[in-house]
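Hi everyone, thanks for coming. Please have a look at the sequence and the structure on the screen, and then I'll walk you through a few spots.

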Amino acid sequence: MANLFLAAAEKLRDYLLEPNGLGPRLYAISQRDMVEIPNLMPPNVALRRAEPDFQDENSETIYPAVLVYCERMENRLERKFTAFSGRLFLVADVFVTGQTLESIDGDAERVAEAILDILSERQGQWTDNLAFDGRLEVDFEPARRGAVNFLGRAKVRLELLACA
């Protein structure tokens, strides 16, 4: 079953890193809003679940960053004769940083908007065992002081229908 959780997170990361994924969408949003948002390159989008303070101490994090992981699962036994059939709850955890509060104004929101744009095009079957029905939510946290700079955060949570 762990393979299913990892496969779901990898699939979401792959969608975010597609040629028409986060990079071009963030560029379009930054042009629309007439602001500058640092590029999100593949190393910035990782399969990891860690708080930014811990992550900064233990690896070299490049911001903005999107950490993708499976937060939880519910086995609802919706399909007979399967070990697992229910919902997986994935998170795309967005972190932005800057030297001043003004420098990160709206950046986490813009990255979340780009993720939502990608997901709106990805409703339906992802794999034989995973489907996205469009259910999601976004939490925005107030900016706070990080180890060196200010840190902004948004969490995009989505539900996948899954069976194994």
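I'll talk about a helix, then some strands, and then one aspartate.

A word on the source: this is a predicted model, where local features need pLDDT of at least 70, side-chain atom pairs count only at pLDDT 80 or more, and totals for chains, interfaces and linings use all residues. Residues are numbered from 1 along each chain as its sequence is written, and side-chain values use heavy atoms, with hydrogens and water left out.

Let's begin with helix H2, residues 22-33. Helices (H or I, at least four residues) and strands (E, at least two) are DSSP runs, numbered from the N terminus. Which residues of H2 are buried, meaning under 20% relative accessible area (1.4 Å probe, protein chains only)? They are Leu22, Arg25, Leu26, Ile29 and Ser30. These cover an arc of only 135° around the axis, so they sit on the same side of H2; the arc is taken from the directions from the helix axis to the C-beta atoms. After H2 comes methionine 34, with a positive phi near 55°.

Now the strands, which pair if DSSP finds at least two bridges between them. E1 (residues 45-47) and E2 (residues 65-75) run parallel, joined by three bridges. E2 and E3 (residues 85-98) run antiparallel, with 10 bridges. Valine 66 has valine 94 in E3 as its bridge partner.

Finally, aspartate 93 belongs to E3. Buried or exposed? Aspartate 93 is buried, at 2% relative accessible area. Its side chain makes a polar contact (N or O atoms within 3.5 Å, one able to donate a hydrogen and the other to accept it) of 2.8 Å with the side chain of arginine 153.

Methods
Buried means under 20% relative accessible area, exposed over 50%, partly exposed in between (1.4 Å probe, protein chains only). The expected span of a helix is 1.5 Å times one less than its number of residues.
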